[in-house]
Amino acid sequence: MPENSLPTADTDPAKGASPLSLEISGVSKSFGRFPALNGVSLQARDKEFLALLGPSGSGKTTLLRVLAGLERPDAGEVRFDGEDFLSIPVRRRKVGMVFQHYALFRHMTVAQNIAFGLSVRPRRERPSKSDVADRVADLLKLVQLEGLGGRFPAQLSGGQRQRVALARALAIEPRMLLLDEPFGALDAQVRRELRRWLRDLHDRAGVTTVFVTHDQEEALDLADRVAILKDGTLRQLGTPNEVYENPADPFVYDFLGAACRLPGVVEDGRLTVADWETKAPKDAPQGRVDVFFRPNEVMFAPLDGAGLAAEVTAVAARGPDVRIECLIEGKTFELEARGPGIPSGVAPGLSLRVKPLRPKVYPARVDA
Amino acid sequence: MTAATTASAARPISSVRLPGLAILLVLASAAVMAGLVLLPLFVVFHDAFAKGVGKYLDSIRDPDAISAIKLTLLVASIAVPLNAVFGVAAAWCIAKFEFRGKSALLTLIDLPFSMSPVVSGLVWVLLFGAQGWFGTWLIDHDVKIIFATTGLVLATILVTFPFVARELIPLMQDQGADEESAALTLGAGGFTTFFRITLPNIRWALLYGVLLCNARAMGEFGAVSVVSGHIRGLTTTLPLHVEVLYNDYDFVGAFAAASLLASLGLITLVLKTGLEWRHAGELAANRRH
């Protein structure tokens with residue numbers, strides 16, 4: 001690997017020690033009457049790998065385009081290394097952006113694509129032809145596309161195109177890297193391969209990176225921190241572990257993985273769900289609540305044990321897991337059990353008890 | 001043979017065979033084509049050379065014919081580049097930006113297609129003619145637009161305006177603005193982006209549009225006829241020259257001039273087919289017309 005072309009990151013971005021590099025405060029943007037972003041504030045540390053996660057229409061791509069300078073926010077501030085980023089035009093921001101469909105220049109070869117950012121520099125700052133060629137060769141090596149410099153984008157596979165787009169963005173030695181659904185257009189196999197590779201590349205390049213995705217697994221797997229957006233507002237910002245273990249609200253809980261929901265009541269430190277009573281989790285709100293739990297974080301017990309009364313309606317084995325469909329409080333839940341957790345003699349018609357291991361409690365929704 | 005039978009067996013619906021009818025239909029269309037397209041084309045050249053090559057060359061070398069050819073080339077050489085620029089600008093606006101009144105602009109661009117060319121000529125007469133809105137002012141300042149080259153150019157521009165824009169809009173809409181955005185983030189300015197990214201991506205479609213625009217500009221009769229005034233050797237373009245000679249019963253002259261226009265049409269056709277054949281993918285507009 002050409003270590004000389006990109007400095008190795010010497011600080012671990014996951015540690016809170018690095019200074020803030022990107023500060024977004026109160027950014028709003030509307031398209032006509034549709035508010036795409038509504039007062040979003042978040043920060044990224046130097047050399048951090050930040051994921052913007054959310055369903056479509058959550059404003060994550062708009063936020064990325066604001067960072068790139070391709071959209072102007074109606075209100076708010078963006079600072080990068082203390083500089084007012086919004087007053088800098090796109091072309092001077094030096095952000096490397098990888099577009100969802102890569103936006104490679106179709107009439108240029110791979111090498112010309114990568115060299116573009118260098119070739120449009122003002123004459124004084126433009127590197128010589130041989131320097132450009134060297135840089136292109138280094139980048140091709142970095143993205144593992146040696147020998148493909150003469151090809152046209154149309155002659156490449158999806159994964160190769162993505163890497164060309166990445167090399168092109170890195171060629172300008174960006175201050176920040178922006179990736180819009182970097183794996184969106186790839187099939188599942190290539191996606192998994194590229195994921196680790198991209199993370200490696202980020203760590204070696206040592207550039208603050210913001211990437212947009214709607215795939216929670218991808219965000220949790222790759223990012224140092226995850227910002228979860230919905231309807232143009234930031235719902236939660238935290239490390240993958242923080243947001244997964246402690247989702248700020250029901251939306252985040254639901255979005256980060258399969259969720260089961262039941263109504264309950266919290267009183268005097270006790271949580272009651274149907275016929276099951278247990279100690280209420282810390283910081284649980286009082287009164288009527290919604291109780292959430294993951295379908296694979298349950299313990300099955302015989303009828304005389306503790307838990308929610310359930311009746312098994314269907315059982316299906318999926319590899320090492322067993323999917324157990326249960327009727328609890330008149331609602332059907334698809335629960336998962338594995339190994340010793342599988343209740344003995346499980347079959348449709350069996351009555352048992354289901355005990356959520358780590359229930360999360362949120363104030364009851366009005367519409368519920 | 002086996003491949004053909006298996007293929008037809010796999011798709012029973014499309015293998016309905018009426019060989020007799022198919023041949024009949026092909027023959028009928030061939031006959032119509034021959035009668036309506038090839039025969040007139042043949043007649044044009046036949047009558048042009050009816051009294052020999054010498055006579056043909058004489059009619060083309062006639063001073064009025066030469067001036068008609070020059071005028072046609074002049075008008076096209078002004079109208080076509082202007083429309084190419086207008087067309088690219090309009091297509092750029094429509095394809096790459098969102099703004100109020102976009103569909104109104106689209107409709108406006110199409111207007112010359114749906115309007116009779118005579119009307120396209122007449123509007124200029126109504127504006128700049130002696131009895132027109134600005135007529136007195138123009139006469140006072142000794143500016144001639146109607147019955148002069150300026151009027152011919154204006155009428156031609158109006159009639160041929162949609163060709164370039166119409167060819168480019170669907171293609172540019174299809175291509176989106178991502179490549180331009182990418183160029184901007186890589187540090188390119190507006191001009192660099194246009195000349196190095198946008199223009200190369202539309203070059204073949206642009207050439208195609210310019211070709212059609214040019215063919216129409218040189219061949220335009222209706223609009224030009226209204227503003228020309230038919231002053232021989234001064235304001236007659238080639239199509240008008242054909243009419244003038246024909247009305248004078250100078251058939252060889254009329255058909256000789258017509259043969260030039262027909263040749264222009266044939267050349268355009270060859271170039272157009274060549275473009276369609278080599279760059280079909282980049283002429284997205286073609287597939288949607």
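A residue counts as buried if 20 or more other C-beta atoms lie within 10 Å of its own, as exposed if 12 or fewer do, and as partly exposed in between, with C-beta atoms placed from the backbone. The model is predicted: local features need pLDDT of at least 70, side-chain atom pairs count only at pLDDT 80 or more, and totals for chains, interfaces and linings use all residues. Residues are numbered from 1 along each chain as its sequence is written, while chains are lettered from A and ligands numbered from 1 in the order in which they are written.

**Exercise 1. Chain B as a whole**

Task: Determine what percentage of the 289 residues of chain B count as buried, and establish how the radius of gyration of chain B stands to the globule rule.

Solution. Step 1: Of the 289 residues, 36% count as buried. Step 2: Helices (H or I, at least four residues) and strands (E, at least two) are DSSP runs, numbered from the N terminus; chain B has 15 helices and 0 strands. Step 3: The radius of gyration of chain B is 24 Å, well over the 19 Å from the globule rule for 289 residues, so chain B is more spread out than a compact globule. Here the radius is taken over C-alpha atoms, and the rule is 2.2 Å times the number of residues to the power 0.38. Step 4: The C-alpha trace of chain B spans about 75 × 60 × 30 Å along its principal axes. Step 5: Two residues are in contact if their C-beta atoms, placed from the backbone, lie within 7 Å. Among the contacts in chain B with a separation of 6 or more, 75% join residues 24 or more positions apart.

**Exercise 2. The contact between the chains and helix H3(A)**

Task: State how many residues each chain gives to the contact, and explain why H3(A) is described as largely enclosed.

Solution. Step 1: Chain A contributes 18 residues and chain B 15 residues. Step 2: On the side of chain A that touches chain B, helix H2 (90-93), strand S6 (95-98) and helix H3 (110-119) each supply at least two residues. Step 3: That side of chain A divides into 11 nonpolar, 3 polar and 4 charged residues. In this classification Ala, Val, Leu, Ile, Met, Phe, Trp, Tyr, Cys and Pro are nonpolar, Asp, Glu, Lys and Arg are charged, and the others, Gly among them, are polar. Step 4: In H3(A), 7 of the 10 residues are buried, so the helix is largely enclosed by the rest of the structure. The buried residues include Val110(A), Ile114(A) and Phe116(A). Step 5: Their cover includes H4 and H5 of chain A, together with helix H10 (178-185) of chain B.

Step 6: Val132(A) lies in helix H4 (residues 129-142) of chain A. Val132(A) has 18 C-beta neighbours inside 10 Å and therefore counts as partly exposed. Leaving aside residues up to four places away in sequence, Val132(A) touches Ala115(A), Leu118(A), Ser119(A) and Pro127(A).

**Exercise 3. The nonpolar cores**

Task: Identify which residues have the most contacts inside the largest nonpolar core.

Solution. Step 1: A nonpolar core is a set of buried Ala, Val, Leu, Ile, Met, Phe, Trp, Tyr and Cys residues joined through C-beta atoms within 7 Å. Step 2: The largest has 78 residues, and Ala51(A), Ala167(A) and Leu178(A) have the most contacts inside it. Step 3: Helix H5 (residues 158-171) of chain A gives this core its largest share, 7 residues. Step 4: A second, separate core of 60 residues includes Ala68(B), Ala76(B), Val159(B) and Val224(B). Step 5: Beyond four places in sequence, Ala167(A) touches Ile114(A), Leu139(A), Leu140(A), Leu142(A) and Val143(A).

**Exercise 4. Strand pairing in chain A**

Task: Describe how S3(A) pairs with strand S8 (residues 208-213) of chain A, and state which strands stand at the edges of the sheet that contains S2(A) and S5(A).

Solution. Step 1: Two strands pair if DSSP finds at least two bridges between them. Step 2: S3(A) and S8(A) run parallel, joined by 5 bridges, and Leu52(A) has Val212(A) as its bridge partner in S8(A). Step 3: S3(A) also pairs in the parallel sense with strand S9 (residues 225-230) of chain A, over 4 bridges. Step 4: In strand S3 (residues 49-53) of chain A, 5 of the 5 residues are buried. Phe49(A), Ala51(A) and Leu53(A) point one way, Leu50(A) and Leu52(A) the other.

Step 5: A separate listing gives an open sheet of 4 strands in the order S2-S1-S4-S5 (chain A), with antiparallel pairing. Strand S2 (34-45) and strand S5 (83-84) stand at its edges, each with a single partner strand, so one side of each is left without a neighbour in the sheet.
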